[in-house]
Amino acid sequence: MRVGILGSGLMGGKLGTIFARAGHDVVFSYAHHKDKLERLARDAGGKARAGTPAEAAQDADALLLAVHWSRIDDVLKQAGDLSGKVIVSCSLPMNEDDTGLVIAHTSSGAEDLAKRVPKARVVSAFNTVPSEVLFEVFKARSGATRPSLVYCGDDQGAKDVAVALIRDAGFDPIDAGPLRIARYTEPFALLVAQLAYEGDEGPELAYRFERHA
């Protein structure tokens, strides 16, 4: 597939690299400096390259949205018309200082995203796993057991695309249901993030928590 990466932080950089190494045509986009995008593409290898959000979205079979919530509107504006596009979102609706969710309980970031781009096909995935374990999971993907990763969405075709990417990353996909289920998975993801970034062995603990949940 052709996969556009909207966001060059830890999650976007690592998942984009994994997708490139899994054989997909990847376009990294959205960074303060183009040099970072070019470095990501070079390190990822394969068919990876750097581009603008509009170039990442052009002819994309899937877009990975991996930016801070405060930059959602800007990256969507730069990406242009996303009608019919599959958007796999791993962005949590965090406040400016990352201390809490700004959308929760009665809605979710994924649902809000679907309202912002009503003609796109939104799936929520990848936000319940800390980025620190992604490469390890990808390296071990041929093993007998795989950690589970939940996803949700309202469009079955879009969910099928997400499933392919989840499997390519080394996870066993679990369909949690419609997009409104993100109201529960996003607070869960925040808990996983707290486990991942607090304590000496946080990432390992969060990985075990995700794997056995």
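**Secondary structure.** I counted the elements of the protein chain in this predicted model and found nine helices and eight strands.

**Overall dimensions.** I then checked the radius of gyration against the rule for globules. For 213 residues, a compact globule would have a value near 17 Å, and the protein chain has 16 Å, so the two agree. Along the principal axes, I noted that the C-alpha atoms fill a box of roughly 40 × 40 × 35 Å.

**Burial and contacts.** I looked up how much of the chain is covered: 53% of the 213 residues count as buried. I next took the contacts with a separation of 6 or more, and recorded that 68% of them join residues 24 or more positions apart.

**Surface and charge.** For the accessible surface of the protein chain I obtained about 9,900 Å², with 48% of this area belonging to carbon and sulfur atoms. I tallied 25 positive and 29 negative side chains. The centres of these two sets lie 5 Å apart.

**Cysteines.** I searched the whole structure for disulfides and found zero. Cys90 is in no disulfide, and I noted that its nearest cysteine sulfur is that of Cys152, 13 Å away. Cys152 is likewise unpaired, with the sulfur of Cys90 as its nearest, at 13 Å. A disulfide requires the two sulfur atoms to be within 2.5 Å, so I do not assign one here.

I also asked whether each of these cysteines is buried or exposed. Cys90 has 9% relative accessibility and therefore counts as buried. Cys152 has 1% relative accessibility, so I entered Cys152 as buried too. The cut-off I applied for burial is under 20% relative accessible area.

How values were computed. Residues numbered from 1 in each chain as written. Predicted model: local features only at pLDDT ≥ 70, side-chain atom pairs only at ≥ 80, totals over all residues. Heavy atoms only, no water. Helix = DSSP H or I, 4+ residues; strand = E, 2+ residues; numbered from the N terminus. Rg over C-alpha atoms; globule rule 2.2 N^0.38 Å. Buried < 20%, exposed > 50% of the residue type's maximum accessible area, 1.4 Å probe, protein only. Contact = heavy atoms within 4.5 Å. Areas by Shrake-Rupley, 256 points an atom, 1.4 Å probe, with all protein chains shown as cover. Lys, Arg positive; Asp, Glu negative; His and termini not counted. Charge placed at Lys NZ, Arg CZ, Asp CG, Glu CD.
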